[in-house]
Amino acid sequence: MISTEKNRFFTQKMFSILLRLSVVMCVIYFVYAWTTQPNTIIKRKQDVSHFSAIFPYLQDSKEFTNDERRIARHFAIDTLPGLMQKGLIKKYKRYETVTLLLVTGKIWKERSRFFKESLLTEVLVYNKVHGYALETQVVDHRSQRLYAQASSSDKKEFFD
(Lines give C-alpha, C1' and ligand atoms only; values in the text may rest on other atoms or scores of the structure.)
Protein backbone atom coordinates (compact mmCIF):
# COMPACT_ATOMS: atom_id res chain seq x y z
CA MET A 1 0.00 0.00 0.00
CA ILE A 2 2.80 2.35 0.89
CA SER A 3 4.70 1.61 -2.32
CA THR A 4 1.66 2.46 -4.51
CA GLU A 5 1.27 5.76 -2.68
CA LYS A 6 4.95 6.47 -3.21
CA ASN A 7 4.65 5.61 -6.90
CA ARG A 8 1.63 7.89 -7.29
CA PHE A 9 3.40 10.71 -5.42
CA PHE A 10 6.52 10.24 -7.58
CA THR A 11 4.44 10.26 -10.78
CA GLN A 12 2.61 13.42 -9.76
CA LYS A 13 5.88 15.10 -8.79
CA MET A 14 7.53 14.20 -12.12
CA PHE A 15 4.51 15.43 -14.07
CA SER A 16 4.59 18.70 -12.14
CA ILE A 17 8.30 19.16 -12.81
CA LEU A 18 7.94 18.42 -16.54
CA LEU A 19 5.01 20.81 -16.83
CA ARG A 20 6.92 23.61 -15.13
CA LEU A 21 9.99 22.95 -17.25
CA SER A 22 8.01 23.09 -20.49
CA VAL A 23 6.32 26.36 -19.47
CA VAL A 24 9.68 27.90 -18.58
CA MET A 25 11.18 26.78 -21.92
CA CYS A 26 8.25 28.30 -23.84
CA VAL A 27 8.64 31.60 -21.99
CA ILE A 28 12.38 31.63 -22.68
CA TYR A 29 11.74 30.99 -26.39
CA PHE A 30 9.20 33.80 -26.66
CA VAL A 31 11.47 36.26 -24.85
CA TYR A 32 14.41 35.26 -27.04
CA ALA A 33 12.38 35.50 -30.25
CA TRP A 34 10.94 38.85 -29.25
CA THR A 35 14.26 40.43 -28.26
CA THR A 36 16.22 39.28 -31.33
CA GLN A 37 13.84 40.96 -33.76
CA PRO A 38 14.62 44.50 -34.95
CA ASN A 39 12.76 47.25 -33.14
CA THR A 40 11.49 48.82 -36.33
CA ILE A 41 9.28 47.19 -38.87
CA ILE A 42 9.93 48.21 -42.43
CA LYS A 43 6.76 48.99 -44.35
CA ARG A 44 6.51 47.43 -47.78
CA LYS A 45 3.83 46.62 -50.28
CA GLN A 46 3.31 43.15 -48.82
CA ASP A 47 3.15 43.99 -45.13
CA VAL A 48 4.86 41.32 -43.05
CA SER A 49 3.87 41.66 -39.44
CA HIS A 50 6.26 41.39 -36.51
CA PHE A 51 4.46 38.21 -35.48
CA SER A 52 5.20 36.48 -38.78
CA ALA A 53 8.86 37.51 -38.54
CA ILE A 54 9.09 35.67 -35.21
CA PHE A 55 7.20 32.64 -36.51
CA PRO A 56 8.12 32.37 -40.22
CA TYR A 57 6.19 29.13 -40.68
CA LEU A 58 2.93 30.90 -39.77
CA GLN A 59 3.22 33.40 -42.63
CA ASP A 60 0.54 33.57 -45.25
CA SER A 61 1.36 30.77 -47.66
CA LYS A 62 0.34 32.88 -50.69
CA GLU A 63 2.67 35.74 -49.77
CA PHE A 64 5.87 34.11 -51.07
CA THR A 65 6.50 31.29 -53.48
CA ASN A 66 8.01 28.00 -52.35
CA ASP A 67 11.17 28.85 -54.28
CA GLU A 68 11.55 32.17 -52.46
CA ARG A 69 11.16 30.49 -49.08
CA ARG A 70 13.59 27.74 -50.10
CA ILE A 71 16.18 30.28 -51.30
CA ALA A 72 15.85 32.31 -48.09
CA ARG A 73 16.23 29.19 -45.95
CA HIS A 74 19.25 28.06 -48.04
CA PHE A 75 20.92 31.46 -47.61
CA ALA A 76 20.49 31.45 -43.82
CA ILE A 77 21.43 27.82 -43.25
CA ASP A 78 24.05 27.11 -45.91
CA THR A 79 25.29 30.04 -48.01
CA LEU A 80 26.03 32.68 -45.35
CA PRO A 81 27.72 30.36 -42.82
CA GLY A 82 29.65 28.59 -45.59
CA LEU A 83 30.99 31.81 -47.09
CA MET A 84 31.90 33.11 -43.64
CA GLN A 85 33.79 29.89 -42.96
CA LYS A 86 35.61 30.17 -46.30
CA GLY A 87 36.61 33.75 -45.45
CA LEU A 88 34.75 35.55 -48.24
CA ILE A 89 32.21 37.23 -45.97
CA LYS A 90 33.73 38.78 -42.86
CA LYS A 91 30.58 40.37 -41.44
CA TYR A 92 26.89 40.48 -42.27
CA LYS A 93 25.20 43.65 -40.98
CA ARG A 94 21.57 44.58 -41.38
CA TYR A 95 20.35 48.13 -40.85
CA GLU A 96 16.94 49.76 -41.30
CA THR A 97 17.65 50.85 -44.86
CA VAL A 98 20.45 48.60 -46.10
CA THR A 99 22.13 45.23 -45.67
CA LEU A 100 25.93 45.26 -45.71
CA LEU A 101 28.09 42.32 -46.69
CA LEU A 102 31.65 43.04 -45.58
CA VAL A 103 33.88 40.84 -47.73
CA THR A 104 37.54 40.04 -48.29
CA GLY A 105 38.40 42.00 -51.42
CA LYS A 106 40.92 39.53 -52.84
CA ILE A 107 38.52 36.58 -52.64
CA TRP A 108 35.61 38.67 -53.96
CA LYS A 109 37.59 39.71 -57.05
CA GLU A 110 38.46 36.06 -57.82
CA ARG A 111 34.78 35.05 -57.96
CA SER A 112 32.86 34.94 -61.23
CA ARG A 113 30.18 37.41 -62.19
CA PHE A 114 27.60 34.59 -62.02
CA PHE A 115 28.58 33.80 -58.41
CA LYS A 116 28.34 37.47 -57.42
CA GLU A 117 24.92 37.88 -59.02
CA SER A 118 23.68 34.66 -57.41
CA LEU A 119 24.84 35.79 -53.98
CA LEU A 120 23.13 39.16 -54.35
CA THR A 121 19.96 37.44 -55.53
CA GLU A 122 19.93 35.15 -52.49
CA VAL A 123 20.42 38.12 -50.13
CA LEU A 124 17.61 40.04 -51.83
CA VAL A 125 15.22 37.10 -51.61
CA TYR A 126 16.16 36.48 -47.96
CA ASN A 127 15.49 40.14 -47.11
CA LYS A 128 12.21 40.10 -49.01
CA VAL A 129 10.92 36.97 -47.27
CA HIS A 130 11.89 38.25 -43.81
CA GLY A 131 10.65 41.81 -44.36
CA TYR A 132 14.02 43.56 -44.22
CA ALA A 133 15.23 46.44 -46.40
CA LEU A 134 15.98 45.16 -49.89
CA GLU A 135 18.99 47.35 -50.66
CA THR A 136 22.22 45.38 -50.31
CA GLN A 137 25.80 46.60 -50.55
CA VAL A 138 28.97 44.52 -50.82
CA VAL A 139 31.89 46.40 -49.23
CA ASP A 140 35.53 45.51 -48.62
CA HIS A 141 35.95 45.01 -44.87
CA ARG A 142 39.34 46.79 -44.77
CA SER A 143 39.23 49.59 -47.32
CA GLN A 144 35.43 50.13 -47.21
CA ARG A 145 35.46 50.12 -51.03
CA LEU A 146 32.05 49.43 -52.57
CA TYR A 147 32.17 46.38 -54.86
CA ALA A 148 28.50 45.83 -55.61
CA GLN A 149 25.08 47.21 -54.87
CA ALA A 150 21.59 45.84 -55.45
CA SER A 151 18.20 47.33 -54.69
CA SER A 152 16.10 44.80 -56.62
CA SER A 153 16.64 41.75 -58.77
CA ASP A 154 16.71 44.02 -61.84
CA LYS A 155 19.03 46.67 -60.37
CA LYS A 156 22.42 45.15 -59.65
CA GLU A 157 25.57 47.20 -60.10
CA PHE A 158 29.15 45.96 -59.87
CA PHE A 159 32.06 48.34 -59.30
CA ASP A 160 35.04 45.97 -59.74
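User: Happy to look at this one with you! How much accessible surface does the chain have, and what share of it belongs to carbon and sulfur atoms?
Analyst: Glad to help; keep in mind that this is a predicted model. The accessible surface of the chain comes to about 11,200 Å². Carbon and sulfur atoms account for 59% of that area.

User: Which residues form a nonpolar patch on the surface?
Analyst: The patch has about 480 Å² of accessible area together. One of its members, Val27, lies in helix 1, which covers residues 2-35. The residues that form the patch are Phe15, Leu19, Val23, Val27 and Val31.

User: Is Val27 buried, partly exposed or exposed?
Analyst: Buried would need under 20% relative accessible area, and exposed over 50%. Val27 has 47% relative accessibility, so it counts as partly exposed.

User: Turning inward, which helix gives the most to the largest nonpolar core?
Analyst: This core has 24 residues, and Phe75, Ile89, Leu101, Val103, Trp108, Leu119 and Val138 have the most contacts inside it. Helix 3 (66-86), strand 1 (89-94), strand 2 (99-103), helix 5 (113-130) and strand 4 (146-150) each supply at least two of its residues. With 7 residues, the element that gives the most is helix 5.

User: Which residues does Val138 touch, leaving out those up to four places away in sequence?
Analyst: Val138 is among the residues with the most contacts inside the core. Beyond its sequence neighbours, Val138 touches Leu101, Val103, Trp108, Leu120, Arg145, Leu146, Tyr147 and Ala148.

User: And what pattern does the chain follow along the sequence?
Analyst: There are 5 helices and 5 strands to place. Read in order, they give α-α-α-β-β-α-α-β-β-β.

Methods:
Residues are numbered from 1 along each chain as its sequence is written. This is a predicted model: local features need pLDDT of at least 70, side-chain atom pairs count only at pLDDT 80 or more; totals for chains, interfaces and linings use all residues. Side-chain values use heavy atoms; hydrogens and water are left out. Patches are made of residues with over 30% relative accessible area and no salt bridge: like charges are joined within 9 Å, nonpolar side chains (Val, Leu, Ile, Met, Phe, Trp, Tyr) within 5 Å. Accessible areas come from the Shrake-Rupley method with a 1.4 Å probe; for residues, only the protein chains shown count as cover. A salt bridge is a side-chain nitrogen of Lys or Arg within 4 Å of a carboxyl oxygen of Asp or Glu. Helices (H or I, at least four residues) and strands (E, at least two) are DSSP runs, numbered from the N terminus. Buried means under 20% relative accessible area, exposed over 50%, partly exposed in between (1.4 Å probe, protein chains only). A nonpolar core is a set of buried Ala, Val, Leu, Ile, Met, Phe, Trp, Tyr and Cys residues joined through side-chain atoms within 4.5 Å. Contact means heavy atoms within 4.5 Å.
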